[in-house]
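The following exchange asks how certain labels for a protein model are justified.

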Amino acid sequence: MGLAQKIRTGTQGYGKLSFLSRLARQTHDAKTLPALPCQIMKQDRDRLGSTGNNSLRWLALFGAGVSGLLGFATIAYSDEAEHGLEVPNYPWPHEGILSSYDHASIRRGHQVYQQVCASCHSMSLISYRDLVGVAYTEEETKAMAAEMEVVDGPNDEGEKFTRPGKLSDRFPQPYENEQAARFANGGAYPPDLSLITKARHNGQNYVFGLLTGYHDPPAGVSVISSSNCI
């Protein structure tokens, strides 16, 4: 085969290879073209699914928020129904981190309890020694406790006896038992005041509002007689 014939054969072969390469590329494009719409549809579907999930998520969060608000309103309503109207929060001087109770106020409070409250209410968890250094000196507290007669015993003969009170004694009880307390108060049982600020809703604000909230009824309004126990 001559040189010219070899060149012509190579050129024809290169042309055939180019044709086959273009044919293969077109065939591959023809196969992938139908897949493009499916891929686009899949992307749209995923995007719509993501949008739907986001919408559902926002709806869930909104529903949770509404439920929380309704729950809070229900709690507030039941709290008001159980404890009555909310009393104001007073600026107590002993609520600060470095603050303490006013000793003169404690002394006046104890005097009011002795003169007024002790006839009905007990403070069975408070001992006389709790007043030492808080409202009275030790000598004052000992003298106060000694004014009380305490039933103690038994003695060596197995009998009860009375003695003057001492610092370790607790405040005297106004009644022997609950039945006697109810009988003397029209069926109502006066609660113990030892932990009354912890036993009542809003604590000290409640007690202060109760003690200072009594007023004469308006003209024409009749008040039903009832017990006024805390």
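The questions below concern aromatic pairs and exposure.

This is a predicted model, in which local features need pLDDT of at least 70, side-chain atom pairs count only at pLDDT 80 or more, and totals for chains, interfaces and linings use all residues. Residues are numbered from 1 along each chain as its sequence is written, and side-chain values use heavy atoms, with hydrogens and water left out.

Q: The structure holds five aromatic pairs; why is the pair of Tyr90 and Trp92 called edge-to-face?
A: Rings of Phe, Tyr and Trp (its six-membered ring) pair if their centres lie within 6.5 Å; planes under 30 degrees apart count as stacked, over 60 as edge-to-face and the rest as tilted. The centres of Tyr90 and Trp92 are 6.1 Å apart and their planes stand at 70°, so the pair is edge-to-face.

Q: What makes Trp92 and Phe208 an edge-to-face pair?
A: Their rings lie 5.4 Å centre to centre, with 90° between the planes. Ring pairs link Tyr90, Trp92 and Phe208 into a cluster.

Q: Why does the pair of Trp92 and Phe208 tie together parts that are apart in sequence?
A: Trp92 lies in the loop between α2 (35-83) and α3 (103-115), whereas Phe208 lies in helix α7 (residues 203-212), so the pair ties together parts 116 residues apart in sequence. Helices (H or I, at least four residues) are DSSP runs, numbered from the N terminus.

Q: Why is Tyr90 called partly exposed?
A: Buried means under 20% relative accessible area, exposed over 50%, and partly exposed in between (1.4 Å probe, protein chains only). Tyr90 has 27% relative accessibility and therefore counts as partly exposed.

Q: How do you know that Trp92 and Phe208 are partly exposed?
A: Trp92 has a relative accessible area of 21%, and Phe208 has 33% relative accessibility, so both count as partly exposed.

Notes:
Helix = DSSP H or I, 4+ residues; strand = E, 2+ residues; numbered from the N terminus.
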